[in-house]
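Biologist: Hi! I'm new to this one, so could you walk me through it?

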Amino acid sequence: MFLLVIILMLLSLVIGSFGVSILFGAPFVATKQKMMEKAFVKAGLKEGQSVTDIGCGDGSVLLAARKSGAGKLVGYEINPILAYIARFRLRGGNVTISRENMFNSSLEKTDVIFMYLFPKAVDRLRAPLSKLPQTTRVISRGFPFTGVIPMRSFKVDGSTFYIYHVKDLA
Ligand SMILES: C[S@@+](CC[C@H](N)C(=O)[O-])C[C@H]1O[C@@H](n2cnc3c(N)ncnc32)[C@H](O)[C@@H]1O
């Protein structure tokens with residue numbers, strides 16, 4: 001009986017944490033590491049550049065960034081279980097994974113911002129992102145900002161990636 005209660009509690013914790021993700025920005029769907037490595041090449045990621053993934057899930061995008069030569073890596077993730085997995089997968093090196101709601105985070109200066117979120121969340125991030133240094137580039141997988149023409153876009157394995165200069169988001 002006691003074991004059953006513990007299992008039920010753990011189950012509701014897991015379900016609850018994934019429910020929070022959906023409610024706040026997007027459910028967890030990982031971007032495949034190989035796909036992201038191709039996308040970073042097409043996006044022109046340079047050796048040593050810093051990369052931030054807003055809603056970093058299990059850290060797959062940041063792992064791809066590291067493999068593509070990125071320097072500092074930062075991830076924000078609302079789901080504590082995913083944040084823990086991302087921390088574990090990315091252990092070692094210059095990495096910070098914050099278990100935070102991205103809408104309440106003060107986004108750090110970075111060279112490249114990546115996001116794979118619902119369209120509403122993408123648009124909600126426009127104002128905070130526009131305050132980052134003008135040279136920052138934003139990569140959005142799947143969903144563009146409403147009413148902003150991307151600097152360019154490209155497809156990798158059937159998925160569209162939109163690239164923006166922060167200055168165009170203001
Ligand atoms: C579609 S997944 C993308 C995961 C990862 N970026 C990737 O491409 O592999 C979206 C992620 O955003 C996280 N998320 C949703 N709302 C969030 C919020 N308000 N703050 C931080 N993370 C959030 C979800 O938990 C989920 O892991």
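Biologist: Let's start with two helices: which residues in H2 meet which residues in H3?
Modeller: Sure, and keep in mind that this is a predicted model. On the H2 side they are Gln-33, Met-36, Glu-37 and Phe-40, and they meet Ser-60, Val-61, Leu-63, Ala-64, Ala-65 and Lys-67 in H3. By class, that contact has six nonpolar, two polar and two charged residues.

Biologist: And at what angle do the axes of H2 and H3 cross?
Modeller: Roughly 50 degrees, with the axes coming within 8 Å. H2 and H3 are therefore oblique to each other. The crossing of H2 past H3 is right-handed.

Biologist: What about the largest nonpolar core, which residues touch the most other members there?
Modeller: Leu-62, Ala-65 and Met-115 do, out of 37 residues in that core. Several elements each supply at least two of the core's residues, among them helices H2 (33-43), H3 (60-67) and H4 (80-89), and strands S1 (51-54) and S7 (159-165).

Biologist: Which residues is Leu-62 in contact with, leaving aside neighbours within four places in sequence?
Modeller: Those are Val-51, Asp-53, Cys-56, Leu-73, Gly-75, Ala-86 and Leu-90.

Biologist: New topic: is Ala-170 buried or exposed?
Modeller: Exposed, because Ala-170 has 12 C-beta neighbours inside 10 Å, and 12 or fewer counts as exposed.

Biologist: Where is the place of Ala-170?
Modeller: Ala-170 is in the segment after S7.

Biologist: How far apart in space are Ala-170 and Ser-130?
Modeller: Their C-alpha atoms are 5.0 Å apart, although the two residues are 40 residues apart in sequence.

Key: Residues numbered from 1 in each chain as written. Predicted model: local features only at pLDDT ≥ 70, side-chain atom pairs only at ≥ 80, totals over all residues. Core = buried A, V, L, I, M, F, W, Y, C linked by C-beta atoms within 7 Å. Buried ≥ 20, exposed ≤ 12 C-beta atoms within 10 Å, placed from the backbone. Helix = DSSP H or I, 4+ residues; strand = E, 2+ residues; numbered from the N terminus. Contact = placed C-beta atoms within 7 Å. Axes fitted to C-alpha atoms, helices over the stretch in contact; angles between N-to-C directions. Parallel < 35°, antiparallel > 145°, perpendicular 65-115°, else oblique. Left-handed = near helix turned anticlockwise from the far one by under 90°. Nonpolar A, V, L, I, M, F, W, Y, C, P; charged D, E, K, R; others polar.
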